[in-house]
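Dear colleague,

I am passing this structure on to you, together with some notes on what turned up in it. Please look it over first, and then read on below.

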Amino acid sequence: MSVEIQMPQMGESVTEGTVLEWHVSEGESVQEGDTVVEVSTDKVDAEVPAPATGVISKILAQPDETVQVGAVLAELEQGEDGAATSGDGVAAATAEDEKETESTATTAVAEAPAPEDGDSRVTPVARRAAAANGVDLAKVAGSGAGGKVTKADVMAAADGDGDGAGPAGIAVSGEEKPLRGPAAMLANAMNESRSVPTATSFRTIAVDTLDAKRKALNGVLKESGMKVSFTHLIAWAIVKSAIEWPVMVRAFEERDSKPYVIEAGSVNLGIAVDVERSDGSRSLMVPCIKGADSLDFKGFHGYYEDLITKTRENQLTADDFQGTNISLTNPGGLGTVASVPRLMTGQARSWATG
């Protein structure tokens, strides 16, 4: 029985996404729940799991290809009992598909030779990167799941940091790749922020009383399992201030070359979260506490912690980023004495604590 692996819906406002990297190859067996492909939207990246146990019979969307939500990314073949098929029929079909693809496709870079221990050890993206950089995949140690060779492994080898460095005397050019997902969204927002008029003010405020109050609160909340940080309290203070002075959440917008002021219907507070990814890279996410002005502190704290958990577990959807009109970041943990936060389009205030 054939099962379709589709581009998932990742928020009401998301209609399409881009295939980043396949974790499996055609003809490879997978277990239900295994990650088969990574996809990206302009809001968030996500891993798509196998909907059932079986064999990947056909990959229909290639890396860097943009597809609509609901489009079929790949087909998975199940046995009659739901287990993976024997593989002979699928392997034969896969071989025919690969043969046809090789005979009709025109590529700018020659395909890399398959590693000695089989295609399943190397991701398709890694194979193309190896071909472009002259890296011998047989000498590259994989850091992915089950020892799978990823693009990062190939690039490390190409730079001479791994066992599979390219041939001596061949200079490897710097890598160029398109930004996608949160990184692309952030870069675009930072570029747009240059059109928003801003003013910055630095204040040094004693926090002795705040610290004492925080310790007292945590003493009371200890039995319930709750805990509040300085950032929780500062974020709550921003919300209360925005309620008292609504002008704090007015946003600027230019329409037909004329300036407009946008009155906010509610306080939607964005919380900047620094996230470390599985490949060691870092990403900045700013999910939003919507309607923060309608919450009491307990509800606010719960909403805040829920967003942090969803961010760390890569469970955010595009809707979690919508509507932010005021935001908070905390670079003080990195030793920052003062910083100038950027004011994004549609926002009225951006706060940085140190």
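**The sheet**

In this model, which is a predicted one, four strands make up an open sheet whose order is β5-β4-β2-β7, and their pairing is antiparallel. The edges are taken by β5 (45-49) and β7 (66-68), each of which has a single partner strand, so one side of each is left without a neighbour in the sheet. Between neighbouring strands of this sheet there is a turn of 40 degrees on average, if direction is ignored.

Within the sheet, strand β2 (residues 16-22) and strand β4 (residues 35-40) run antiparallel and are joined by four bridges; on this pair, T18 is found opposite S40 in β4.

**Helix α5**

Further along the chain, helix α5 covers residues 208-221, which makes 14 residues, and from its first C-alpha to its last it reaches 20 Å, close to the 20 Å expected at 1.5 Å a residue. Which residues of α5 are buried? They are R214, N218 and L221, and, seen down the axis of α5, the buried residues fall within an arc of 65 degrees, so they line one face of the helix. As general background, an α-helix has 3.6 residues a turn, so residues three or four places apart point the same way.

Among what covers the buried residues of α5 is α6 (230-244), whereas the face of α5 that is turned away from its buried side carries the exposed residues D208, T209, K213, K215, G219 and V220.

With best regards

Definitions and conventions
Residues are numbered from 1 along each chain as its sequence is written. This is a predicted model: local features need pLDDT of at least 70, side-chain atom pairs count only at pLDDT 80 or more; totals for chains, interfaces and linings use all residues. Side-chain values use heavy atoms; hydrogens and water are left out. Two strands pair if DSSP finds at least two bridges between them. Helices (H or I, at least four residues) and strands (E, at least two) are DSSP runs, numbered from the N terminus. Axes are lines fitted to C-alpha atoms, for helices over the stretch in contact, and angles run from 0 to 180 degrees between N-to-C directions. The expected span of a helix is 1.5 Å times one less than its number of residues. Buried means under 20% relative accessible area, exposed over 50%, partly exposed in between (1.4 Å probe, protein chains only). The arc is that of the directions from the helix axis to the C-beta atoms. Contact means heavy atoms within 4.5 Å.
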